[in-house]
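Hi there,

I'm passing along the structure we talked about, so you can open it while you read. My notes on what I found follow below it.

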Amino acid sequence: MKWLFYSDLRGQQAFPVTSDEPYIMQGALEGGEGTPSPMLSITGLSLKELEPHIAKTNKHLPSISQLFVSLNNRPEAFVVTGPSKALFGLVTAPEENQGLAQSKVPFSQRKPFFSIRFLVVGVPYHSEYLAGATETLVEEDLEGEELWSAKDIKIPVYNTEDGAFNGFLLIYVD
């Protein structure tokens, strides 16, 4: 519980909650993307297809509001992180491809079909926006205290690209 409390606290300090303009909230809800947040799930596009959209959006953003891919969940499933207003700009940019009926279009000529949803989070986890928060949590809040020992449950972790064994994820069980 202590770790969860301080994890959320340090996350909110590193990336404070901001309110979005009503048109952003309304546009995201009407578009089916959900309530704007600092993390956006995109499925159905390869990284090669997604990166140009991120680069185009980032050209219009200050350095402190840049977007980047923070998670690669599988070959065509990514999480993009950044301020919700900037992510909304990314959402509206490739909208012309989303949801188009292409059943009568030859497969080789079809535009990519993809899905976009804001994640229900208040902090951009797995991102550069939280740089320093982990160190503060471990050094100041937990005072270097170990949260689990080797006898605790271990779950194997594998690399998502090549399947190589990366070690064990420890889960604390009381």
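Let's begin with how H1 packs: its buried residues sit against H5. Those buried residues are Ser7, Arg10 and Gly11. If you look down the axis of H1, they fall within an arc of 105°, so they line one face of the helix. Try turning the view until you are looking along H1 to see this for yourself. The helix itself runs over residues 2-14, which makes 13 residues. From its first C-alpha to its last, H1 reaches 18 Å, close to the 18 Å expected at 1.5 Å a residue.

Please keep in mind that this is a predicted model.

Now for the chain as a whole. The chain has five helices and six strands. Following the sequence, you meet them in the pattern α-α-β-α-β-β-α-β-α-β-β. Of the 174 residues in the chain, 31% are buried. The exposed surface comes to about 11,300 Å², and carbon and sulfur atoms supply 58% of it. What share of the contacts with a separation of 6 or more comes from residues 24 or more positions apart? The share is 63%.

Next, have a look at Thr81, which belongs to strand E3 (residues 77-81). Is Thr81 buried or exposed? Its relative accessibility is 0%, and buried means under 20%, so Thr81 counts as buried. Which residue's side chain makes a polar contact with the side chain of Thr81? The partner is Ser70, and the contact is 2.4 Å. Ser70 also appears in the list of residues that Thr81 touches, once residues up to four places away in sequence are set aside. Among the others in that list are Pro38, Met39, Gln66, Leu67 and Phe68, as well as Leu87, Pro124, Tyr125, Ser127 and Tyr129.

The last stop is His126. You will find His126 in the loop between strand E4 (115-118) and helix H5 (133-141). That is the same H5 that the buried residues of H1 pack against. His126 has a positive phi of about 65°, although it is not a glycine. Is His126 buried or exposed? Its relative accessibility is 55%, and exposed means over 50%, so His126 counts as exposed.

If you want a short tour, start at H1 and its packing against H5, go on to Thr81 and its polar contact with Ser70, and finish at His126 in its loop.

Happy exploring, and do write back with any questions!

Best wishes

How values were computed: Residues are numbered from 1 along each chain as its sequence is written. This is a predicted model: local features need pLDDT of at least 70, side-chain atom pairs count only at pLDDT 80 or more; totals for chains, interfaces and linings use all residues. Side-chain values use heavy atoms; hydrogens and water are left out. Helices (H or I, at least four residues) and strands (E, at least two) are DSSP runs, numbered from the N terminus. Buried means under 20% relative accessible area, exposed over 50%, partly exposed in between (1.4 Å probe, protein chains only). A polar contact is a pair of N or O atoms within 3.5 Å; within protein, one must be able to donate a hydrogen and the other to accept it, and residues adjacent in sequence count only if both atoms are side-chain atoms. Contact means heavy atoms within 4.5 Å. Accessible areas come from the Shrake-Rupley method with a 1.4 Å probe; for residues, only the protein chains shown count as cover. The expected span of a helix is 1.5 Å times one less than its number of residues. The arc is that of the directions from the helix axis to the C-beta atoms.
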